[in-house]
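User: I would like to go through this structure by question and answer. Please keep to what can be computed from the atoms.

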Amino acid sequence: MINSSAQKTDAECFTVPQHTTIMGITMDDKVKDLMGSLGRGRGSLIPLLQRVQSEFGYLPRETVAAISDALVISESEVYGVATFYSEFKLKKPGEHTFKVCMGTSCYVSGGGTLLSQIIRRLGVRPGETTSDGKYSLDAVACLGCCSQSPTVVLDDVIHGNVTPSTLESMISELENGSEAL
Amino acid sequence: MRRIKDPSRLEDAKAEAKASWNSLFCGDRPIVCTGMSTCGISAGAREPRDLMRSLLSEEGLEAKYVDVGCLGLCYSEPLLYIKKPGRPMICYGNVSPKTARSLARSILINDESGDSALGAIPELSCGEISSIPSIWEHPMLKSQVRIALKNCGIIDPENLGHYIARGGYAALAKTIGITPEAVIEEVKTSGLRGRGGAGFPTGMKWEFCRKSKGDEKYLICNADEGDPGAFMDRSVLEGDPHAVIEGMLIAAYAIGCTQGFIYCRAEYPLALRRLEVALQQAKDAGFLGENILGSGFDFDITIKEGAGAFVCGEETALMASIEGKRGMPRTRPPFPANAGLWSKPTNINNVETLANLPSIIDKGGKWYSAFGIGRSRGTKTLALAGAINRPGLIEVPMGMNLRQIIFDIGGGVPGGKACKGVLTGGPSGGCIPASNLDIPMDYEAITQAGSIVGSGSMIVIDEDTCIVDLARFFLAFTQRESCGKCTPCRIGTKQMLGLLEKITQGQATNADLAKLEAVAQAVRSGSLCGLGAGSPNPVLTSLRYFRPEYEEHIVHKHCPSMACSGLTSHSIDQSKCKGCGLCVEACPVGAILGDHKKPHRIDQERCIKCGACILACPGKFSAISKRSGAVLEVA
Ligand SMILES: Cc1cc2nc3c(=O)[nH]c(=O)nc-3n(C[C@H](O)[C@H](O)[C@H](O)COP(=O)(O)O)c2cc1C
Ligand code: FES
């Protein structure tokens, strides 16, 4: 099983014991699978990381050795690239992810208030996940939808012209929804 | 679409495409078009569209549905256009599910309903005359000249036939019939300058790369659009992806490139998807691949998805990223034209630059250069956002003055508030104050005013935005996005940010202000790339125009715009509060305490200063107010 990594720093996530299987599946095989038609050159590193992330929702430590082998790049270089780009996550994200736009237009239209609201309401800071693994929060820069500022993305669905009260109903819908389960 | 083997067959394809366009729009069935760009979707366009579809099919009416891109009237999204048989196409704005119901009813009884009509769209009306004015008479569209945006909101971006019916790929056919040098000459004549920010003359850049020695050359389309506040490239990619592909083909032919890349940010999933669809269509039709239109010219395009780093919009960082490395810029020279991607000669152009090319080749460089002023020729797309009545995407001739753009096109500032200024150029730009808005949209004039045209983002701010807080905001952005390679940017942005935080929290002295200016100058002159070199701009420009506001924060610990959260607080006047509890309900964080019918209090620790309580407090009580600075202690 994957370790719960919510409390670890990025560096720690990269130094946990090197399992190479997740739920019995060998990561060498999994990564080979995900490689598909990608070439073995260095240029494939970012696309491969993207494929691994879309498979698992993040980059599990267990896959790194396999990625490094598949592309003949050292693990430290894989780590260097993975930590440079904000898209890549080394920790498992929550069940639901809020992305609050903190681009200029959203910022001047109240995006900051929406961000504080989520921080207070869910007890989670940007870049983190709640300890029960339910919610993650990200502050992102411009979703290119500034005419509908402020914007919030909840689980890949973009919402425009969000107000504290519409945000509140998004949150309570999630909370009630999960209570009902 | 069948493979088109030579340019002469393109005419046949166009005739075919036009015929099917006519049968779609001029047929005997109603047609419903929905503005389905990311902006439309986020405004909720799916709901009225799907409702309309289910209402009509319940009644047994098989209408036709077309998803189009963004017309740019984002302020009134969701946008639906409806054409009843024998009538013109009418565009409706702010279509809620309720309006969708009444529009569906009006389709069923085929009556002329014009309630929320924004205008008729002649391009989609099949010659039917309308009693409703043309959409192009709309105040937001009237003074626009649409070249890069000519198809956005008019065609289905996932339908190659639509693009061809409107003259698409004719410029490619023309291009391969003349010499590469002639193509470059035409682009030089047009006066087109790079729309990605730097404004470098496009024809000249192509010539460098064409003359550069190398057996293999690359072409990159920069679709990273990381500048917060910019969404023109997204709109073009989502609304008219073939225009960008055709632009790339023209550039590739002129320079002699065989392989192209589109580097598109991952935050644009819809643009990425539509690009993929368009690339496949272009390949199938013979516009991409080997022996294009039978000319012997080979060119292919691969999409590279960005991974979330603003600095990767910088050309050398972008290339490092395609190579699979950390996206860090490098010193130039060597310039990409000589040694770019994998050290091969490379030409990189922005999405909008490329989208202009088909029209330039089609109608001639002279035609394009007739628009504009001075050394800024042609048109520029601009993204209007912030405190403006009509946020959206526009395209105007270069040289239009900023006041006209903000007030005539954008409709001015909402809520009767005063315009404080406009931010152009994003985090490398600055705020041009309201008193200075009579300058033209021109590369040189805007630079002289202390900002840059940049990618074309224009964020209007009103009196509620604090200029110091905004400078802090920008520095927080550049500091976070600094790649860390060069010291002036890595350390300088951190220092500037720290000083600005001190000012916005009311803890700074005049000495800090002097230090801020000194650091700003050092970062500007010492940084490796535009990210660092441009980062002091928001500070220096705001100091140039708004220095008293900085001083107010420093000397009086007061934020005149009441925006700096460290210097403001909300409080309830105990003598006015009747304890009705409306504010308690409105507060999203439960920060208001107190018993029913007794005066309430705000827990300052919990309060996020959103102002929801002020809005909730009944006007007859008006018990809640926001205060700043020295007043704080008195309260
Ligand atoms: C920090 C930084 C970010 C940039 N971001 C972009 C971008 O998102 N899109 C873009 O086209 N150009 C961007 N540029 C400009 C590019 O480096 C380059 O000048 C441009 O892509 C060239 O194309 P053009 O000549 O067609 O404008 C950026 C530059 C810097 C310094
Ligand atoms: S600033 Fe938020 S979408 Fe652009």
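The turns below cover the chain contact, the ligand and some local features.

User: What kind of model is this, and how are residues, chains and ligands labelled?

Analyst: This is a predicted model, in which local features need pLDDT of at least 70 and side-chain atom pairs count only at pLDDT 80 or more, while totals for chains, interfaces and linings use all residues. Side-chain values use heavy atoms, with hydrogens and water left out; residues are numbered from 1 along each chain as its sequence is written, and chains are lettered from A and ligands numbered from 1 in the order in which they are written.

User: How much area do chain A and chain B bury between them?

Analyst: Contact means heavy atoms within 4.5 Å, and the contact takes 38 residues from chain A and 53 residues from chain B. Buried area is the accessible area (1.4 Å probe) that two parts lose on being put together, summed over both. Of this area, 60% is on carbon and sulfur atoms, and the total for chain A and chain B is about 3,400 Å².

User: Which three residues supply the most of the area that chain A buries against chain B?

Analyst: The top three supply 19% of the area that chain A buries against chain B, more than any other three residues. They are A:Phe84, A:Thr104 and A:Arg120.

User: How many residue pairs are in polar contact across the interface of chain A and chain B?

Analyst: A salt bridge needs a side-chain nitrogen of Lys or Arg within 4 Å of a carboxyl oxygen of Asp or Glu, and the rule finds zero across this interface. A polar contact is a pair of N or O atoms within 3.5 Å; within protein, one must be able to donate a hydrogen and the other to accept it, and residues adjacent in sequence count only if both atoms are side-chain atoms. With both residues at pLDDT 80 or more, the number of pairs is 19.

User: Which element gives the most to the side of chain A that touches chain B?

Analyst: Helices (H or I, at least four residues) and strands (E, at least two) are DSSP runs, numbered from the N terminus. Elements of chain A that each supply at least two residues to this side include α3 (45-56), α5 (75-84) and α8 (164-180). The most, five residues, comes from α7(A).

User: Which side chain has an N or O atom 2.7 Å from an oxygen atom of ligand 1?

Analyst: Ligand 1 is surrounded by 18 residues (a heavy atom within 4 Å), with B:Gly196 and B:Lys205 among the closest. A backbone N or O atom of B:Glu225 lies 2.9 Å from a ligand oxygen, and a polar side-chain atom of B:Asn349 also lies 2.9 Å from an oxygen atom of ligand 1. The side chain at 2.7 Å is that of B:Thr353.

User: Which residue forms a salt bridge with A:Glu77?

Analyst: The closest N and O atoms of the pair are 2.4 Å apart. A:Glu77 lies in helix α5 of chain A and its partner in the loop between α2 (27-35) and α3, so the pair ties together parts that are 35 residues apart in sequence. The partner is A:Arg42.

User: Which residue does a cis peptide bond join to B:Glu77?

Analyst: Omega of this bond is about 0°. The residue lies in the loop between β2 (64-68) and β3 (80-83) of chain B. It is B:Pro78.
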